[in-house]
Amino acid sequence: MKRFILMAVCAATPALSDDIDCDNAMTQQAMNHCAHQAYALADEELNLAYKLAMSQAKAQDEYIENGDTPAATMLRDAQRAWIDFRDKACALESTIARGGSLQPLLYSSCLERETRQRTEALRYFGEVN
C-alpha cells in the first residue's frame, strides 16, 4: 500500500518536475517529489556498486571448491534480503506520518539513506576484496 501511495504521489508530479527547484522546494508535493528524485539517484548509484561487487564476487568464484557456495550467489541472496529489509524498515519508519502528506517524503528519505549506506558497503566489497 505504501508503494502505491508513493507511486501515486510521484506520478502526479511529472509535469511539475521541470519546474521544481529541489534546493528551494516549498510545498509538500514538491518536497515529496524531490525526495523521490534523490532516492532514484541513490538507486542508480547502488546499481553501479552492485555490478562492481558482483564482478568481484565472480572473480572470487574462480577459486571455489566443491561444496562451497559461490560468492556471486551469496551476494545476490544478500542483496535480495537487504532490499526486502530496507523496504519494510522504511515503510515502518514512515508510519510516523501515516496517511499524511509527509509520509511519502519520510519513506523516500529513508530509502535514500538506506540505499546510500548499502552502496558504500557494496563499493567496499567490490574495491577492497
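Counting bonded cysteines along the chain, the disulfides of this protein pair up in the pattern 1-2, 3-4. The model is a predicted one, and a search through the whole of it turns up two disulfides. As a reminder, a disulfide is a covalent bond between the sulfur atoms of two cysteines.

Take the link between Cys 22 and Cys 34, where the S to S distance is 2.1 Å. The torsion about this S-S bond is about -85°, so the disulfide of Cys 22 and Cys 34 is left-handed. Cys 22 sits in the loop between α1 (2-11) and α2, while Cys 34 belongs to helix α2 itself, so the bond ties together parts of the chain that are 12 residues apart in sequence. The two partners can also be described by their exposure. Cys 22 has a relative accessible area of 41%, which makes it partly exposed. Cys 34 comes out at 11%, under the 20% cut-off, and so counts as buried.

The other disulfide joins Cys 90 to Cys 110, again with 2.1 Å from S to S. Here the angle about the S-S bond is -75°, and this link is left-handed. Distant parts of the chain are connected by the pair: Cys 90 lies in helix α3 and Cys 110 in helix α4 (residues 103-128), 20 residues apart. Both Cys 90 and Cys 110 are buried.

Next comes the packing of nonpolar side chains. In soluble globular proteins, such side chains tend to be buried together. In this model, the largest nonpolar core is made of 10 residues, namely Leu 46, Ala 49, Ala 53, Met 54, Ala 57, Ala 71, Ala 72, Leu 75, Trp 82 and Leu 122. Helices α2 (28-60) and α3 (71-94) each put in at least two residues of this core, and α2 gives the most, with five. There is also a second, separate core of six residues, and among its members are Cys 90, Ala 91, Tyr 107 and Cys 110. The bonded pair Cys 90 and Cys 110 thus turns up again inside this second core.

Back in the largest core, Leu 122 is one of the 10 members, and its surroundings can be spelled out. Leaving aside residues up to four places away in sequence, Leu 122 touches Leu 46, Ala 49, Tyr 50, Ala 53, Leu 75 and Gln 79. Of these neighbours, Leu 46, Ala 49, Ala 53 and Leu 75 are listed as members of the largest core too.

How values were computed. Residues are numbered from 1 along each chain as its sequence is written. This is a predicted model: local features need pLDDT of at least 70, side-chain atom pairs count only at pLDDT 80 or more; totals for chains, interfaces and linings use all residues. Side-chain values use heavy atoms; hydrogens and water are left out. A nonpolar core is a set of buried Ala, Val, Leu, Ile, Met, Phe, Trp, Tyr and Cys residues joined through side-chain atoms within 4.5 Å. Buried means under 20% relative accessible area, exposed over 50%, partly exposed in between (1.4 Å probe, protein chains only). Helices (H or I, at least four residues) and strands (E, at least two) are DSSP runs, numbered from the N terminus. Contact means heavy atoms within 4.5 Å. A disulfide is a pair of cysteine sulfur atoms within 2.5 Å.
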